[in-house]
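Open the model in your viewer and show it as a cartoon. Keep the selection tool ready.

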Amino acid sequence: MDKTLGVSSMPPAPGALNRSGPERDDPAVDLEALLADASSPAQVRRAMATPAGWDPGLWRALAARGVLGLHLAPEWGGSGRPFSAVAAVAEELGAALACIPHLATVVLAATALVRSGDEQAASEHLPAIAAGSVVATLAVTEDSGRWDERDVRSVARPVGGGRDGHVLDGRKSYVPGGCSADLVLVVAREEPGRRGPDAVAGTGLFAVAGDAPGLTRVPLVALDQTRPLARLELAGVPARRVGGVGDGWRIVEPVLDRAAVALAAEAVGGAQRCLDMAVAHARTRVQFGRPIGSFQGVQHKLADVLVTVEAARSVAAAAASAADGDGDDLALLASTAKAYCSETFVRAASESVQVHGALGCTWDHDAHLYLKRARSSALLLGEPAWHRERVATLLGL
């Protein structure tokens, strides 16, 4: 064994790692300080144990700082920043395991409203989302759990030829924040033969009030208690179309790519925090009269995680940059980032539990919370294997 390796050759202590990439936006820098105080491990545990499963106080604090409207136009109460600013925020939220519906409301629902081109729907809902007074979500998946248009079975039926809106029937599963949402954007299949002579086949996007008659919301028991999921039962639920006839998947697909980018950034933040916790423990845990960080086996384990996390940060940054525009490389980079960063988070969280030993397996330690978030996030928006297959298809392999 190389006697020159010791504690001093371990990765830097928590907070000391130099995060590569572009200069952080001010909102993200301010957010780091806010979360250190408002999303401590104790507060995360309290929030996830509440019936709603999230922290309204932290949500209001983020709204007051303009975080919820970063990528929204000023006329909708936002700052007009590029989507990469949202990804930077997601990284900090992931590091803190923040119990708030950011992915559901800001990333999924708000982005869908923006990209729908429906000025009336955007003007009605986006200012309230930016102000933090409305929580929203996007309901795509059904019992199959696949984020794919072919698996959409919920049906939208026009009322009065569509002049009086629509009613929805079906079921949506694994909906992020579905039980708390004041507004649910539902992807539903247009009923054949009822769309009018100029309509096209396909799916539509429909806005549903959270308290709409016929809507039943059932909380799901999820591995990750910091991100509540729901099943939505739709039985003649009144809804209003968002966007054009048959435009649902055209709107939603690029939204899901951007959500994958945000989830990849969130995974990088979580993986970094797992590494930080493991390094701190290795420096202070003494075994056989020495800090365990002085042993090469521990050093190599943490060094490998460090290399993987830094690579994931670069992949996530490239995907976030692509999400600022509408280039052909967005889908490719989004799936690449989602697959790689998800697996990096799982690895970092698993190794953190290992370094902590028996302590890392206890309920009182935070390591298991990160491992549960990592495992569940790897499946959300499509598992890594699905995204790798998509990458291969996009590359023509």
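This tour goes through a few helices and their contacts, in a model that is predicted.

**Stop 1: helix 2**

Select residues 41–48, which form helix 2. Which residues of helix 2 are buried? They are Val-44, Arg-45, Ala-47 and Met-48. These four span an arc of only 165° around the axis, so they lie on the same side of helix 2. Now add residues 83–96, helix 4, and residues 367–379, helix 10. Both are among the elements that cover the buried residues of helix 2.

**Stop 2: helix 10 against helix 9**

Keep helix 10 and select residues 330–356, helix 9. The two axes come within 9 Å and cross at roughly 155°. Helix 9 and helix 10 are therefore roughly antiparallel. The crossing is left-handed.

Show side chains at the contact:

- From helix 9, pick Lys-338, Ser-342, Phe-345, Val-346, Ala-349, Ser-350 and Val-353.
- From helix 10, pick Ala-367, Tyr-370, Leu-371, Arg-373, Ala-374, Arg-375, Ser-377, Ala-378 and Leu-379.

Colour them by class: the contact holds 10 nonpolar, 3 polar and 3 charged residues.

**Stop 3: helix 9 against helix 8**

Stay on helix 9 and add residues 296–323, helix 8. How do helix 8 and helix 9 run, roughly parallel or roughly antiparallel? Their axes cross at roughly 155° and come within 9 Å. An angle over 145 degrees counts as roughly antiparallel, so helix 8 and helix 9 are roughly antiparallel. Helix 8 passes helix 9 in a left-handed crossing. Colour this contact by class too: it has 19 nonpolar, 3 polar and 4 charged residues.

How values were computed. Residues numbered from 1 in each chain as written. Predicted model: local features only at pLDDT ≥ 70, side-chain atom pairs only at ≥ 80, totals over all residues. Heavy atoms only, no water. Buried < 20%, exposed > 50% of the residue type's maximum accessible area, 1.4 Å probe, protein only. Helix = DSSP H or I, 4+ residues; strand = E, 2+ residues; numbered from the N terminus. Arc of directions from axis to C-beta. Contact = heavy atoms within 4.5 Å. Axes fitted to C-alpha atoms, helices over the stretch in contact; angles between N-to-C directions. Parallel < 35°, antiparallel > 145°, perpendicular 65-115°, else oblique. Left-handed = near helix turned anticlockwise from the far one by under 90°. Nonpolar A, V, L, I, M, F, W, Y, C, P; charged D, E, K, R; others polar.
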